[in-house]
Amino acid sequence: MGKRIHFIPILVLIAFVSLVGSMAATLVPSRGTHVGFYSTTCPQVEAIVRATVKSHFQLDPTVAPGLLRMHFHDCFVRGCDASVLLVGPRTERAAPPNLSLNGFEVINDAKSRLERACPGVVSCADILALAARDSVVLTKGVSWGVPTGRRDGRVSLALEANNALPKVNDTIQTQRKLFKSKGLNIQDLVTLVGAHTIGTTACSVFKYRLYNFSTTRNGADPAMNPSFVHQLRTLCPKNGEGSPNIGLDISTPNQFDTSFFSNLRNGRGVLESDQKLWNDPSTRAFVRRFLLKGSLGLNFDLEFGKSMVKMSNIGVKTGTRGEIRKICTMVN
């Protein structure tokens, strides 16, 4: 979004001021959120969300990567305002990239519990941010302080979700441009994509890499390790449905660790966009550092928390903007 300054007519100036304000909300981490925002109004908020996520996780571990992905999808469209939770035929939730999201029932349950404890106080956007952090902890990741104080948005459009979310065949240039538009740098890109250390995807999402990649004689993506191609072809046969769920980190799909980056180094990235993190020099440098020990390395757990805080402050609504929904699936 470029800055175009006009001094006349006055309506254009007003539009410009509005534009700059919108850019600032998107690119600059909000000063309206902080850790402990509910310390006096709802001091038990984190304990309630944590207990809710844990109870659902014990019944269905897939809610952990589901909630983490949901938070990402929320923040990249209109900012972190819980717009992804709104139900309707043309809302973000109905957009193709969001049809496979899961974990909505966890947020709804946490909201119900919080409305009983602290009516009208805690936003759905904050519940989702806290639940994403708790999901990482439940999968053996490290916790971080989550700034709260977001308010919920009133607008949710499927078309915006279609245009704003990354695609599985995006180039690194496209990924970098998208993340930069949200105020996130190259290290944030590599770090946040590292969330794929947990979770699964369907064969249909990446099957073209195994059989229909246009640049090779055998149909496979040359960036893939040949033994990995064979392994995935067994799981995802050309003329069959195959396994319903394939781990994005096929080594330890249920544990938050750095094996996802090891897989990329070894040509074992499931998604094309993930594998490109190793193939491109600008992102490979950070993948390598996450695999290094000592002063030259980067601590993935620590850096992930930092990048999540940055992401969770994209375009947040605070103060009098937005609302505190009574029910997360609908505006008040």
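**Exercise 1. Decide whether Phe-256 and Phe-304 are buried or exposed, and describe how their rings meet.**

Step 1. In this predicted model, both Phe-256 and Phe-304 are buried. The word means that a residue has under 20% relative accessible area.

Step 2. The structure holds 13 aromatic pairs. Phe-256 and Phe-304 form one of these, with 4.9 Å from centre to centre and 65 degrees between the planes. Planes over 60 degrees apart count as edge-to-face, and the pair of Phe-256 and Phe-304 is edge-to-face.

Step 3. Now place the two residues along the chain. Phe-256 is in the loop between β2 (246–247) and α12 (259–265), while Phe-304 is in helix α15 (residues 300–311). They are 48 residues apart, and the pair links distant parts of the chain.

**Exercise 2. Classify the ring pair of Phe-261 and Phe-290, and state which helices hold the two residues.**

Step 1. The ring centres of Phe-261 and Phe-290 are 5.0 Å apart and the planes are at 20 degrees, so this pair is stacked. The cut-off used here is under 30 degrees.

Step 2. Phe-261 belongs to helix α12 and Phe-290 to helix α14 (residues 281–291), so the pair ties together parts that are 29 residues apart in sequence.

Step 3. Phe-261 and Phe-290 are buried.

Step 4. Ring pairs link Phe-261 and Phe-290 into a cluster with Trp-144, Phe-256, Phe-260, Phe-300 and Phe-304.

**Exercise 3. Find which rings have Arg-93 and Arg-284 over them, and give each distance to the ring centre.**

Step 1. Arg-93 lies over the face of Phe-104, at 3.6 Å from the ring centre.

Step 2. Arg-284 has its charged end over the ring of Trp-278, 5.8 Å from the centre of that ring. The distance cut-off for a charge over a ring is within 6 Å.

**Exercise 4. Work out the handedness of the disulfide between Cys-75 and Cys-80.**

Step 1. The count of disulfides comes to 4. One of them joins Cys-75 to Cys-80, with an S to S distance of 2.0 Å. The cut-off for a disulfide is within 2.5 Å.

Step 2. The torsion about the S-S bond of Cys-75 and Cys-80 is about 120 degrees, so the link is right-handed.

Step 3. Both Cys-75 and Cys-80 are buried.

**Exercise 5. Describe the disulfides of Cys-124 with Cys-328 and of Cys-203 with Cys-236, including their handedness.**

Step 1. The sulfur atoms of Cys-124 and Cys-328 are 2.1 Å apart. Their S-S torsion is about -100 degrees, so this disulfide is left-handed.

Step 2. Cys-124 is in helix α5 (residues 124–138) and Cys-328 in the segment after α15, 204 residues apart. Cys-124 has a relative accessible area of 0% and is buried. Cys-328, with 1%, is buried.

Step 3. In the disulfide of Cys-203 and Cys-236, the sulfur atoms are 2.0 Å apart. There are -70 degrees about the S-S bond, and the link is left-handed.

Step 4. This disulfide links distant parts of the chain: Cys-203 in helix α9 (residues 203–206) and Cys-236 in the loop between α11 (226–235) and β2, 33 residues apart. Cys-203 and Cys-236 are buried.

**Exercise 6. Write the pairing of the bonded cysteines by their order in the sequence.**

Step 1. Number the bonded cysteines of the protein in sequence order.

Step 2. With this numbering, the pairing reads 1-4, 2-3, 5-8, 6-7.

How values were computed. Residues numbered from 1 in each chain as written. Predicted model: local features only at pLDDT ≥ 70, side-chain atom pairs only at ≥ 80, totals over all residues. Heavy atoms only, no water. Phe/Tyr/Trp six-rings, centres within 6.5 Å; stacked < 30°, edge-to-face > 60°. Helix = DSSP H or I, 4+ residues; strand = E, 2+ residues; numbered from the N terminus. Buried < 20%, exposed > 50% of the residue type's maximum accessible area, 1.4 Å probe, protein only. Lys NZ or Arg CZ within 6 Å of the ring centre and 35° of its normal.
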